[in-house]
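Please open the model in a viewer and keep the selection tool at hand. The tour below proceeds stop by stop, stating at each one what to select and what is found there.

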Amino acid sequence: MQPLEWLKSRMGAREFEKLARIPDPRVHQFVAESAELCNPSEIFVCTNSPDDIRHIREQALATGEEKALNIPGHTYHFDGPTDQGRDRKATKYLVPRGDYLNPALNQIEREQGLSEVKGLLRNSMEGKTMVVLFLCLGPKNSVFTIPCMECTDSWYVAHSVNLLYRTAYEMFAAGETANQELFRVLHSAGKLDERMVSAEPSKRRIYIDYTENVVYSVNTQYAGNSVGFKKLALRLAIRKAHREGWLAEHMMLTGVRGPNGRRTYLAGAFPSACGKTSTAMIPGNTILGDDLAYLRNIDGVCRAVNVESGIFGILKGVNERDDPLIWKILHSPGEVIFSNVLVKDGRPYWLDMGIELPKEGENFTGKWWEGKTDEEGNPIPAAHKNARYTVALEALENCDPELHNPQGVELGGIIFGGRDSRAYPPVQQGYDWVHGVMAYGAALETETTFAIVEEEGKYEINLMSIQDFISIPLGQYLKNYIEFGRKLQKAPAVFGVNYFLRDLKTGEFVNNRQDKYVWVAWMERRVHGEAGALKGPTGLLPTYEDLRRLFKEVRGLDYPREEYTRHFTIRVRENLRKIERVVQYYKREVPDAPPELYQVLEEQQKRLLKVQAEAGDFASPDMFEEV
Ligand code: SPV
Ligand code: MN
């Protein structure tokens with residue numbers, strides 16, 4: 001039977017009509033196959049009509065996947081106790097026999113993986129509704145646009161998708177998807193317990209079939225595993241991008257205000273929970289994106305768009321003083337989904353929010369009270385560290401006006417930043433594209449955080465902050481990156497930042513959270529040649545005079561010279577060790593690493609050794625010459 005015919009027999013007339021209006025046969029086939037496999041009792045097709053969007057919100061509440069909070073439009077949702085972050089182990093590429101993916105990437109033979117995940121999906125939607133969603137990645141009517149669809153049995157996931165992405169039913173109905181690659185996601189939360197939480201976490205699987213552009217996700221609700229267009233479709237986009245000569249990146253985008261109303265766009269790649277959103281949210285600047293960006297060479301210029309149109313942001317540490325704009329959204333009427341917070345009397349609470357938390361309430365483990373412990377006797381925190389908020393970007397007053405520009409925005413600079421307590425200075429600039437992307441991107445080291453369900457605080461390489469999501473050989477990814485920059489008429493400036501440098505003796509952070517406001521302003525001035533630089537051994541460093549001026553301008557603060565010296569003294573030995581770790585890693589894990597990588601690191605090593613011979617293990621910035 002033809003998919004449409006089969007669907008007609010399975011769906012209500014109204015829902016069927018919505019689907020039949022779409023001329024793309026791949027859509028019918030995917031919905032039919034998904035329904036046949038998962039066996040839902042109903043199918044709901046979401047057009048972009050306000051009624052359909054409202055229906056999803058209402059069903060999320062009616063089923064209990066979300067519950068209402070006191071502020072109108074605010075709801076909360078819980079994921080299971082072990083479903084609180086991206087699951088690296090359960091996320092695998094389906095690799096056809098004879099195909100090669102870097103061994104560092106988690107993978108399973110395609111046929112075997114398909115049969116496993118389909119086995120888990122079989123009849124997983126019995127008694128539930130399958131929601132069919134249409135959206136697009138990147139702005140509409142643009143060279144960046146990628147059409148997508150998701151079938152899910154979770155109203156919470158559907159609600160999140162509608163807040164986080166550009167809905168695009170009309171684009172599908174108008175037949176505009178015909179000649180384009182189509183990303184498809186099939187998700188089921190699986191069996192739910194009485195709290196409407198995925199009940200079989202050991203059967204969680206997230207498999208990516210890059211041969212067909214399809215993602216399968218089952219027995220999970222955490223949005224990073226279930227909303228297919230975060231890091232799952234990113235893996236598909238990376239393959240597409242590298243075939244076509246552009247970049248799909250784990251980057252925020254921000255419009256930085258410069259002198260005389262100038263706005264300069266910077267992109268920034270940071271591992272999860274390392275300052276990406278807060279860099280995009282600096283007061284006075286605008287936010288264009290906080291997680292995913294596509295970069296293209298358009299007429300020799302590097303232009304970027306936000307893949308998404310909403311924020312799935314971390315709550316831990318969000319407080320009124322440091323994050324006034326987010327704080328306001330989280331306390332005003334409007335659509336916000338809170339996940340894995342502590343709820344008490346209809347109010348959400350999270351860790352380090354700057355106010356005292358209630359001693360009891362409901363959290364991701366059920367009823368919670370201070371002193372509650374898990375099976376191993378460890379105290380359970382009031383809210384999960386990876387508690388999040390989901391909100392549409394347009395709800396923010398600092399949302400950038402170019403969000404939906406089909407041409408994207410011109411990038412003045414790209415920032416790479418890890419959680420590096422030991423080596424790199426707070427901010428520096430690459431000598432050129434290749435040096436910057438190799439020394440700060442490819443060599444990015446970071447300590448693991450709570451955003452993945454694993455041990456925290458391990459030092460690891462996370463190249464371009466995207467390592468977990470790279471779906472082609474890592475060396476090829478780096479080569480394409482180098483080529484991308486070489487083909488631009490003027491490549492963006494490349495910066496390295498490190499917000500997490502610690503004092504080697506006391507272990508305290510060297511910088512204040514708001515120092516990044518100044519670093520970002522310095523980068524903006526550098527893009528326009530309005531700030532000087534010193535030639536340090538690992539990159540170009542700010543001069544004292546520029547920073548003193550910018551600390552005053554941006555933060556109204558004096559910046560004593562001792563502070564500057566403390567911030568920008570190069571830790572020579574630590575930087576030499578870093579190079580050794582990075583080289584070892586690439587020799588071991590990335591047989592196809594490009595020669596430019598080793599060349600950049602070797603030269604960096606030579607410069608550091610020279611400095612060491614002159615100044616020892618700590619080199620004050622005063623010894624470097626202005627360029
Ligand atoms: C991240 O962890 O990098 C996120 C959230 O942006 S997730 O959707 O889990 O990827
Ligand atoms: Mn992210």
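Select Lys231 to begin. In this predicted model, Lys231 has a relative accessible area of 5% and is therefore buried, the cut-off for that class being under 20%. Lys231 belongs to helix α9, which covers residues 231-244.

Keep Lys231 displayed and add the manganese ion, which is ligand 2. Which protein atoms serve as donors of this ion? They are NZ of Lys231, NE2 of His250 and OD of Asp291, at 2.1 to 2.4 Å from the manganese ion. Along the chain, these donors are spaced according to the pattern K-x18-H-x40-D. Asp291 sits in the loop between β15 (286-289) and β16 (293-298), whereas Lys231 is in helix α9, so the pair ties together parts that lie 60 residues apart in sequence. Now select Asp291 by itself: buried or exposed? With a relative accessible area of 7%, Asp291 is buried.

Next, select ligand 1 and the residues around it. The surroundings comprise 11 residues, and the closest of them are Arg86, Tyr222, Lys230, Lys231 and Ser272. Colouring this shell by class shows 5 charged, 3 polar and 3 nonpolar residues. Colouring by domain is also instructive: domain 1 (3-64 + 83-245) and domain 2 (248-308 + 403-621) each supply at least three residues to the shell.

Three distances to oxygen atoms of ligand 1 may then be displayed. From the side chain of Ser272, an N or O atom is 2.4 Å from an oxygen atom of the ligand. For Lys231, the separation between a polar side-chain atom and a ligand oxygen is 2.6 Å. For Arg388, the corresponding value is 3.5 Å. On its own, ligand 1 has 280 Å² of accessible area, and the protein covers 97% of it.

Return to helix α9 and select Leu236, which lies within it. Leu236 is buried, at 1% relative accessibility. To obtain a sense of scale, draw a line from the C-alpha atom of Leu236 to that of Ala615; the line spans 48 Å, and the two residues are 379 positions apart along the chain.

Two loop residues deserve a stop for their backbone angles. Select Ala273, in the loop between β14 (263-269) and α10 (276-280). Although Ala273 is not a glycine, its phi is positive, at about 65 degrees. Then select Asn39, in the loop that runs between α3 (25-38) and β1 (42-45). Asn39 is likewise a residue other than glycine with a positive phi, here near 60 degrees. Its relative accessibility of 25% places Asn39 among the partly exposed residues.

Move on to Lys18, in helix α2 (residues 13-20). Lys18 is buried, with a relative accessible area of 11%. What joins the side chain of Lys18 to that of Asp52? The link is a polar contact of 3.0 Å.

The last stop is Arg588, in helix α17 (residues 572-589). At 56% relative accessibility, Arg588 counts as exposed. A line from the C-alpha atom of Arg588 to that of Leu315 measures 37 Å, across a sequence separation of 273 residues.

Key: Residues are numbered from 1 along each chain as its sequence is written. Chains are lettered from A and ligands numbered from 1 in the order in which they are written. This is a predicted model: local features need pLDDT of at least 70, side-chain atom pairs count only at pLDDT 80 or more; totals for chains, interfaces and linings use all residues. Side-chain values use heavy atoms; hydrogens and water are left out. A residue is near a molecule or strand if one of its heavy atoms lies within 4 Å of it. A polar contact is a pair of N or O atoms within 3.5 Å; within protein, one must be able to donate a hydrogen and the other to accept it, and residues adjacent in sequence count only if both atoms are side-chain atoms. Accessible areas come from the Shrake-Rupley method with a 1.4 Å probe; for residues, only the protein chains shown count as cover. Ala, Val, Leu, Ile, Met, Phe, Trp, Tyr, Cys and Pro count as nonpolar, Asp, Glu, Lys and Arg as charged, and the others, Gly among them, as polar. Domain bounds come from an automatic or database domain assignment. Donors are N, O and S atoms within 2.8 Å of the metal (3.2 Å for Na, K and Ca); water is not among the atoms, so sites may look incomplete. Helices (H or I, at least four residues) and strands (E, at least two) are DSSP runs, numbered from the N terminus. Buried means under 20% relative accessible area, exposed over 50%, partly exposed in between (1.4 Å probe, protein chains only).
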